[in-house]
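Welcome! Here is a short briefing for anyone meeting this structure for the first time. Take a look at the sequence and the model, then read on.

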Amino acid sequence: MSLAAAPAGSIDWARIRADFPLLSRQVHGKPLVYFDSANTGQKPAAVIEATDDFYRRHNANVSRAVHMLGTEATEAYEGARRKLAAHLNVRANELVLTSGTTFAINLVAYSWALPRLQPGDAILVTRMEHHANIVPWQLVAERTGATIKVADITPDGALDLDALQAAMTADVRLLAVTHVSNVLGTVNPVRDICRMARKRGIVTVVDGSQALPHMPVDVAAIGCDFYALTGHKMCGPTGTGALWARGEHLEAMPPFLGGGEMIREVRFEGTVFNDPPHRFEAGTPNIAGHVGLGAAVDYLGAIGMAHVAAREAELLAHLTGEMRKVDGLRIIGNAPEKAAVVSFLVEGAHAHDLATLLDLEGVAVRSGHHCAHPLMAWIGVPATCRASLAFYNTHAEIEAFMGALSKVRKLLC
Ligand code: PMP
């Protein structure tokens, strides 16, 4: 049955949670409360089984062998590409499968930006970017003489859209912006932002890592030039992901890595490259992983991403409401549009101590800089704690988390 057809309230979330084997384990003798899905998401049995089934029954390399298994493996891998493309509302031949967002953004940096940018050009990023959407641009800037400009954020953790627009000066060639912040939870209006950029001839790279797990994403409607994503945060295996790019960019981009799979003909005098997207997939890819990602897309599609978003909004409202009642607890990131990611600080307690003691209560939250040093500098702390939810979490877990937090605060503060 397609759950997407069912009204949100009729979805049996307890049954869906039971699809995730790991969520029923105990940690330090306590039932696990997994509030670290922004770091990596848990996997439903359907994804684990799809990967397992690939290795048990179909394992072979892709695009090389004419034998039956080779054909099956290629079909499974290309089938996963088609499923992911349909999920994003893009064409499959514009979707390069990668090891994740980091690879996807580096592909844009090395194949699109490096050959094009020069002194006098600027790359615009925002203060809320993950290091994966900062460091590749710094490497490009160093090698091309381009400069990096930073668009600031408002005190509640939203992007300052006026400042962003003002920063889109004539020298800006590329804008790199996250769809959803992994620290603040802020959902950025990427469609409006890309429209503003496009009017000025600025190429846009959207980091979709934290958006795909939480909401329906229509990449075609966003109107960006590049959209990067990572599979392991959206119920898929680690080492999977993709870069969507406009066909015209892919056609014009030189390959980033050379090797097998990405060529049509190799002679010592020169090589004819394969067409996109294969031109950008040198070597043996993560075949089983992407088959698993295809199963994750099927799984999320059966629930319906609108239902996922509604469920998480409800969980987020509950969690935020409870956390706001706690004296000395500060939530970092209060933008009007938020995904279920809550960074917080507790007066008198270090983030790492909090996370360590919460772990002893069975609660997994992340503490640290969340790969966002410039944002941490803006917040004015080296680390925060972060509770990040997914649709498989429960209201009872929120109560358990609040109980654990109260116990831990008594020990620390
Ligand atoms: N961007 C954002 C916003 C992220 O949260 C992450 C993962 N924490 C990444 C990029 C990098 O993703 P990956 O490590 O899977 O390449």
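The points below go from the overall build to ring pairs, cysteines, pockets and cavities.

This is a predicted model, so please read everything here as computed from that prediction. The protein chain has 413 residues and a radius of gyration of 22 Å, which agrees with the value near 22 Å for a compact globule of that length. Its secondary structure comes to 14 helices and 17 strands.

**Overall build**

- Along its principal axes, the C-alpha trace of the protein chain spans about 70 × 55 × 35 Å.
- Of the 413 residues in the protein chain, 56% are buried.
- For a sense of scale, take Ile287 and Leu358: they are 71 residues apart along the chain, and their C-alpha atoms are separated by 37 Å.
- Ile287 itself belongs to helix α10, which covers residues 287-303.
- Is Ile287 buried or exposed? With a relative accessibility of 7%, Ile287 counts as buried, because the cut-off for buried is under 20%.

**Aromatic pairs**

- How many aromatic pairs does the structure hold? There are 11 aromatic pairs in the structure.
- One of them joins Phe35 and Phe401, whose rings sit 5.4 Å apart centre to centre with 55° between the planes, a tilted arrangement.
- This pair links distant parts of the chain, with the two positions 366 residues apart: Phe35 is in the loop between β3 (33-34) and α2 (45-58), and Phe401 is in helix α14 (residues 395-412).
- Phe35 is buried, with a relative accessible area of 0%, and Phe401 is buried too, with a relative accessible area of 0%.
- Why does the pair of Phe103 and Phe256 count as tilted? The ring centres of Phe103 and Phe256 are 5.5 Å apart and the planes meet at 55°, so the pair is tilted; an angle under 30 degrees would count as stacked and one over 60 as edge-to-face.
- The pair of Phe103 and Phe256 also links distant parts of the chain, 153 residues apart: Phe103 is in helix α4 (residues 101-113), while Phe256 is in the loop between α9 (247-252) and β11 (263-267).
- Phe103 is partly exposed at 23% relative accessibility, and Phe256 is partly exposed with a relative accessible area of 28%.
- Ring pairs also bring Trp13, Phe20, Tyr299, Phe391 and Tyr392 together into a cluster.

**Cysteines**

- How many disulfides does the count come to? The count comes to 0 disulfides.
- Cys371 shows the reasoning: the closest cysteine sulfur, in Cys385, is 16 Å from the sulfur of Cys371, too far for a bond, because a disulfide needs two cysteine sulfur atoms within 2.5 Å.
- Cys371 counts as partly exposed, at 23% relative accessibility.
- Cys413 is in no disulfide either, and the nearest cysteine sulfur, that of Cys385, is 11 Å away.
- Cys413 is exposed, with a relative accessible area of 52%.

**Pockets**

- The largest pocket has a volume of about 260 Å³.
- Which residues lie closest to the centre of the largest pocket? Among its 19 lining residues, those closest to the centre are Thr101, Thr102, His130, Ser209 and Lys233.
- By class, that lining holds 12 polar, 4 charged and 3 nonpolar residues.
- The second largest pocket has a volume of about 200 Å³.
- Its lining has 15 residues, with Leu97, Thr98, Ser99, Ala282 and Pro285 nearest the centre of the second largest pocket.
- The lining of the second largest pocket divides into 7 nonpolar, 7 polar and 1 charged.

**Cavities**

- The structure also holds 2 cavities of 30 Å³ or more.
- The largest cavity has a volume of about 100 Å³.
- Its lining has 16 residues, and Ser37, Pro213, Lys233, Ala390 and Tyr392 are the closest to the centre of the largest cavity.
- That lining divides into 9 nonpolar, 5 polar and 2 charged residues.
- Two residues here may look familiar: Lys233 is listed for the largest pocket as well as for the largest cavity, and Tyr392 is listed for the ring cluster as well as for the largest cavity.

Technical notes
Residues are numbered from 1 along each chain as its sequence is written. This is a predicted model: local features need pLDDT of at least 70, side-chain atom pairs count only at pLDDT 80 or more; totals for chains, interfaces and linings use all residues. Side-chain values use heavy atoms; hydrogens and water are left out. Rings of Phe, Tyr and Trp (its six-membered ring) pair if their centres lie within 6.5 Å; planes under 30 degrees apart count as stacked, over 60 as edge-to-face and the rest as tilted. Helices (H or I, at least four residues) and strands (E, at least two) are DSSP runs, numbered from the N terminus. Buried means under 20% relative accessible area, exposed over 50%, partly exposed in between (1.4 Å probe, protein chains only). On a 1 Å grid over the protein atoms alone, a cavity is a set of points where a 1.4 Å probe fits but cannot get out, and a pocket is an open set with protein on both sides within 12 Å along at least five of seven lines; lining residues have an atom within 4 Å of a point. Grid points are joined across faces, edges and corners, and a volume is the space filled by probe spheres set on the points. Ala, Val, Leu, Ile, Met, Phe, Trp, Tyr, Cys and Pro count as nonpolar, Asp, Glu, Lys and Arg as charged, and the others, Gly among them, as polar. The radius of gyration is taken over C-alpha atoms; the globule rule is 2.2 Å times the number of residues to the power 0.38.
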